[in-house]
Amino acid sequence: MTKQAASDSLAPPRHDSMPSDTRSPRSKMSYRALERIQRTLLLTPGVLLYGIFNFLPLLALIPLSLVKWPGIGPKEFVGLDNFAKVLTQPYYRDQMLNALFQNVIFFVVIIGSFLIIGTALALLLSFRTWGRKSYQVLFFLPYPMAGAAVAYLLDLFVHPRGPFNAVMVELGLVDTPIPFLGSEDTALVTMALFYAWHRMGFAIMLILSGILAVRTDLLEASQLDGASRWQSIRNVVLPVLGPAFVLITVIVMVDVFNNADYILLIMGPEAGPLRSTDIMGTFLFRTAFGGSADTTDTNFGMAAAIGLLTALMILPAAIFLALRNLRNT
């Protein structure tokens, strides 16, 4: 063996022929694992709080839906009779179908306002305009306000003698004031717009956070390729906003199919005029506590059955949207 061969045999193995990305799959896997752990830790507190204050009460409705109980006194076990009455008896079935149909309209108006108006305002706020921070605070300001205060203020605003009708009459847009909450044709849409105005700041903040997360190099590359501002927004920004849109849709869906605070505060449990603003929340409230002053037939068990049926209606859509959102992230 020559000295050169011996030195070559004793020399450490050369690594210049090895690929430079040998450890890249392992490092990528470790990064993904770390990302999943961080995501789990961030989501766990919210999931626990939601489960304690929302999911556990929903489970508590199951035994309550099997009894007849006016809210005081002994409970009478009736099995599935409450569900049968709601689904088969014309008195309850017609109310539920009417409330469900109007609840869908209520939801469509609200989510349409969020996704169209909220996205437009968020895009405007993302530009480098003067006073942008002040506008963000101004749009978000109504959100922390109590629902009762917002309902009262908006009721005064759209009253036939309120400022909105006064301005329209003064400008010649209408001849006589419009009873927005006194007409069957406009009451439900007006209440939906009340809700949208109150919660618009929440939608704007979510959409704006998605817009600000867009990589600036992608926008600069699209502009260098000759794309206009609208083309950059349509092809670069809007596809990134999908998770924010899905999150807003799920939150609004769960809220508007279970709550009816605005309508109860302004229109009452009878959801006037002529129950044209009746949604699932008011139907449930009226079943549990009664509507008009002479109503004595109240049943917490049937109200629980209505709540479970409402949850079963929206749960598949909410789970589908949530899983689709997780799959895209």
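**Helix packing, surface patch and salt bridges**

I266, with a relative accessible area of 22%, is classed as partly exposed (buried means under 20% relative accessible area, exposed over 50% and partly exposed in between, with a 1.4 Å probe and protein chains only). The structure is a predicted model, in which local features need pLDDT of at least 70 and side-chain atom pairs count only at pLDDT 80 or more, whereas totals for chains, interfaces and linings use all residues. Residues are numbered from 1 along each chain as its sequence is written, and side-chain values use heavy atoms, with hydrogens and water left out.

I266 belongs to helix 12, which covers residues 261-266; helices are DSSP runs (H or I, at least four residues), numbered from the N terminus. I266 is paired in space with D155: the two residues are separated by 111 residues in sequence, yet their C-alpha atoms are 7.4 Å apart.

A second pairing of residues distant in sequence involves helix 11, in which M253 is located. M253 and F107 are 146 residues apart along the sequence, with a C-alpha to C-alpha distance of 6.8 Å. M253 is buried, since its relative accessibility is 9%. Helix 11 (residues 242-256) also packs against helix 4 (residues 90-126): the two axes come within 10 Å and cross at roughly 150°, where axes are lines fitted to C-alpha atoms, for helices over the stretch in contact, and angles run from 0 to 180 degrees between N-to-C directions. Helix 4 and helix 11 are therefore roughly antiparallel (angles under 35 degrees count as roughly parallel, over 145 as roughly antiparallel, 65 to 115 as roughly perpendicular and the rest as oblique). The crossing of helix 4 past helix 11 is right-handed, that is, the near helix is turned clockwise from the far one by less than a right angle.

The loop between helix 12 and helix 13 holds several backbone features. A271 lies in this loop and has a positive phi, near 55°, although A271 is a residue other than glycine. A271 is also buried, with a relative accessible area of 0%. The peptide bond that joins G272 and P273 is cis, with omega at about -5°, and P273 is again part of the loop between helix 12 and helix 13. R275, located in the loop between these two helices, likewise takes a positive phi near 55° while being a residue other than glycine. R275 counts as partly exposed, its relative accessibility being 26%.

The side chain of R275 takes part in a salt bridge with E270, with an N to O distance of 2.8 Å; a salt bridge is a side-chain nitrogen of Lys or Arg within 4 Å of a carboxyl oxygen of Asp or Glu. E270 is partly exposed at 27% relative accessibility. The whole structure contains five salt bridges, including one between D278 and R286, in which the closest N and O atoms are 2.8 Å apart. Both partners of this bridge are buried: D278 has a relative accessibility of 1% and R286 one of 7%. In a further salt bridge, D94 is joined to R93, and the closest N and O atoms are 3.7 Å apart. D94 counts as partly exposed at 43% relative accessibility, as does R93 at 31%.

R286 is one of the buried residues of helix 13, together with M280, G281, T282, F283, T287 and A288. Because seven of the 10 residues of helix 13 (residues 280-289) are buried, this helix is largely enclosed by the rest of the structure. Just after helix 13, G290 adopts a positive phi of about 90°.

On the surface, a nonpolar patch is formed by L48, L49, I52, F53, F55, L56, L59 and I62, which together have about 800 Å² of accessible area. Patches are made of residues with over 30% relative accessible area and no salt bridge, with like charges joined within 9 Å and nonpolar side chains (Val, Leu, Ile, Met, Phe, Trp, Tyr) within 5 Å; accessible areas come from the Shrake-Rupley method with a 1.4 Å probe, and for residues only the protein chains shown count as cover. I52, a member of the patch, is located in helix 2, which spans residues 24-64. I52 is partly exposed, its relative accessible area being 47%.
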